[in-house]
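Colleague: Please take one part of this model and go through it closely. I would like to hear how the helices and strands there are arranged against each other.

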Amino acid sequence: MTVQATLQRLSKVISRAPLALAPQRLDRFVQARHYGIGKIPQSMVDAPVERIRNVGIMAHIDAGKTTTTERMLFSAGVTRHSGDVDKGDTVMDYMEQERARGITITSAAISFPWKDHRVNFIDTPGHVDFTMEVERALRVLDGAVAVYDAVKGIQAQSVTVWRQAQRYDVPCVAFINKMDRPKASMTRTLKHMETKLNVTPLVLQLPLGVGPEFVGVVDLLDLHVTKWPGKVECTDFERYDLTQSSHEKDLLEQALVARQEMFEQLAELDEAFMEHYLSVGGEASKVEVDKAMAGVRRVAVSRSGLPVMYGTALKNRGIEPVLDSIVKYLPSPTDLQKNEVPDYAKDFCAFVFKIVHDPNRGPLVFMRVYSGEVKVGDEFYNINRHCVERAQRVILISADEYSEVSSIGAGNIAVVTGLKKAITGDTLLSKAAAGDLVSTISTAKRKGKGKEALDLAPVEKTEGSSITSLPGMRVPEPVFFCTVEVESAAHQQALDHALACLAREDPSLRVTSGEDDETILSGMGELHIEIIQDRLRKEYKCNAKLGPLQVAYRETLAAPIRHCVTKKLSHNGRNFDVKLELELSRTPGDEFRELAEKSLVELTFGKTSELHALLTGEAGAMRIAALREGMEQGARTVGPLLSFPVRCIDAKITDLDCKTWMSNELLTLAASMCFSEAMASAEIRLLEPVMHLQIVLPPNHFTTVLGDMTGPRRGVVDGIIEDDIDGNVLTAYAPLDTLRGYASHIRRQTSGLASYSMTFSHYVAVTPDVQKQVVNSMLFHGGDVL
């Protein structure tokens with residue numbers, strides 16, 4: 001059937017629909033009919049890198065991320081109807097646990113075309129327990145759409161994901177959602193952007209009404225009006241130019257004033273646009289729209305401001321302008337040549353950011369391709385695992401649907417099967433890019449050397465450069481843990497396999513062994529652990545039983561200590577002594593943020609001539625690495641007080657007496673033993689996780705909740721906002737240990753009228769009294785420890 005015949009046929013079908021579609025919509029239906037639902041044209045698969053956009057969507061839970069994504073897919077012709085979170089028929093929330101709970105748990109990827117561009121899109125979770133999914137997505141994305149609730153403003157998790165985007169320099173555009181709700185307030189949301197996100201909002205649209213009267217927007221750049229009819233989901237819209245001859249004189253005056261203000265703000269944010277703006281005398285009517293759009297793009301890419309648009313995703317209002325902003329204002333892979341990405345020219349280089357275990361295909365390895373291309377049958381060198389693996393299949397993924405392709409090029413997100421050792425955070429190179437490193441590994445394996453020797457010295461790729469891995473990502477510290485067991489020993493192997501698969505998928509999930517060889521499961525929260533238990537039962541058929549949830553404390557020093565040890569070691573049948581003198585102290589301060597980004601032990605050295613002689617040159621560099629690894633090993637072993645991991649230690653080696661021919665493996669062993677002995681003889685202080693809470697409650701319950709938070713919850717008030725649209729807002733910091741069961745407690749306190757959200761903030765050293773209570777509780781009441 002010809003395209004013209006298809007158009008005629010579709011026109012007849014559409015004309016019989018309850019709500020006729022505008023002509024602008026026909027191209028979407030033709031595309032869906034021609035290419036098939038869920039597929040994109042080959043021209044988009046092979047799109048030039050400058051027409052690729054790697055974009056994610058991020059926000060607080062219930063802000064409307066998944067609904068916005070579903071409307072985007074509908075507008076792009078990927079789906080025939082818009083998925084509904086409440087009905088459990090969304091494309092992106094495909095897991096059983098997601099559809100049952102109506103929340104996003106795992107980040108899902110999909111590709112779709114929009115205006116001659118290929119958009120690789122990732123929908124991320126909004127719940128704090130799954131913040132690792134946001135972290136891994138932002139690590140590989142070039143841009144993001146931040147969704148904010150027009151009723152509730154900028155909420156706690158929105159601030160968290162904004163900081164995550166800042167960490168990876170991800171440019172953003174903002175979509176203020178739910179503009180049709182009765183209590184919507186664009187003014188409050190814009191003010192929150194300035195105060196909570198510390199960013200200047202650049203408003204690109206003038207909303208036509210707020211709340212139930214919200215019917216459209218005016219694009220301030222080109223003065224186009226877009227209106228949506230009716231009170232339900234819109235599959236049609238009206239678009240026209242707002243000109244001097246328009247009958248809407250009042251609207252034109254408002255739009256011109258808003259446009260002038262927007263251009264003035266854009267000039268303050270972008271120097272190049274300021275030059276153009278001044279050259280036309282500051283008259284908005286003389287500004288060239290193309291130059292204004294280029295200025296908005298520079299502001300977004302540089303993160304000097306945040307372009308803002310309005311709409312309501314549930315009714316499909318304002319979605320297409322957001323899609324337009326993705327291709328207009330967010331960067332392509334070529335626009336962001338980050339300094340930390342090595343230049344491997346046309347050789348293959350990729351970063352692994354996600355693993356999913358498929359029952360039929362095995363591990364699916366998600367990777368961002370930075371250079372070269374990945375093809376079926378290619379062999380890769382994994383810098384982090386020191387191994388060579390082969391790609392069996394190359395897949396283009398759409399949520400939980402897979403399409404095999406022959407290759408995927410630079411700038412894209414690819415999925416590969418056949419890689420058995422790769423984990424999240426690994427860097428993959430082609431064998432050609434690895435060069436002499438592959439030969440060095442083969443030689444080392446033939447000579448029986450371990451990988452430790454390969455870790456210590458870079459291998460030259462070309463003159464003046466070396467093979468380096470791409471920067472990793474921050475893995476958050478788990479704050480809860482529990483024991484996990486099966487009914488009988490016969491099922492233990494199945495449980496071990498299932499937990500290994502889940503831990504490989506989710507770096508924020510930790511599986512360790514406790515006393516008596518019990519299996520310990522550590523996660524980001526109660527919901528996180530609950531989801532893992534549900535997946536064990538339904539996906540892996542393991543009827544696992546979890547013990548009571550316990551808070552994941554950390555151990556550190558209460559006071560500095562100096563320790564000297566002499567160890568008798570043997571090497572090749574020869575006995576000798578190793579003397580190591582060590583000073584340990586706690587990292588300064590009582591609050592410890594971003595523990596996952598720090599080394600377990602910060603190692604420094606004294607300035608004696610003996611140390612200088614041992615630690616200089618190539619051999620000295622290898623000894624330093626061996627000593628650092630020994631300290632890390634000592635810290636990774638359980639702490640001396642309650643067997644929690646050791647953190648926030650500054651170590652200084654003041655003296656070292658060893659044979660120059662001593663192997664680095666033995667030096668690592670000596671350092672580890674010395675560190676453990678020093679910690680065993682020291683006074684230990686516990687570190688407890690502290691959460692940041694945002695509580696919205698009626699004024700008549702404020703005093704009760706405040707007294708409870710600052711009393712038995714040991715909370716510290718961070719701020720109070722009175723007369724908020726939904727009631728007073730209390731923000732506070734409180735130890736996680738005091739917040740177990742808080743959801744039911746605050747419901748009882750306020751007769752179900754209060755709501756709250758909390759995110760992990762930092763670790764803090766506990767007081768001696770609190771430490772005594774924790775120790776007594778765990779040692780004398782049967783509490784499990786990690």
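Modeller: The model is predicted. I begin with a pair of helices: the crossing of helix 21 and helix 22 is right-handed. Helix 21 covers residues 702–710 and helix 22 residues 742–750; their axes cross at roughly 145° and come within 10 Å. On the helix 21 side, the contact is made by Thr704, Val705, Asp708 and Met709. These residues meet Tyr742, His745, Ile746, Gln749 and Thr750 of helix 22. By type, the contact holds 4 nonpolar residues, 4 polar ones and 1 charged.

The sheet is the other arrangement to describe. It is open and has 8 strands, in the order 16-15-21-12-13-20-17-18, with antiparallel pairing. Strand 16 (387–390) and strand 18 (401–405) are its edges, each pairing on one side only. From one strand to the next, the twist averages 40°.

Within that order, strand 12 (residues 349–358) pairs with strand 21 (residues 427–430) through 3 bridges, in the antiparallel sense. Ala350 has Leu428 of strand 21 as its bridge partner.

Strand 12 also takes part in helix packing. Helix 6 (residues 131–140) lies across strand 12 and strand 13 (362–371), and runs at about 145° to strand 12. Helix 16 (residues 492–505) packs on the sheet as well, where it touches strand 12 and strand 13. The direction of helix 16 makes about 145° with that of strand 12.

Technical notes: Residues numbered from 1 in each chain as written. Predicted model: local features only at pLDDT ≥ 70, side-chain atom pairs only at ≥ 80, totals over all residues. Heavy atoms only, no water. Pairing = 2+ DSSP bridges. Helix = DSSP H or I, 4+ residues; strand = E, 2+ residues; numbered from the N terminus. Axes fitted to C-alpha atoms, helices over the stretch in contact; angles between N-to-C directions. Contact = heavy atoms within 4.5 Å. Left-handed = near helix turned anticlockwise from the far one by under 90°. Nonpolar A, V, L, I, M, F, W, Y, C, P; charged D, E, K, R; others polar.
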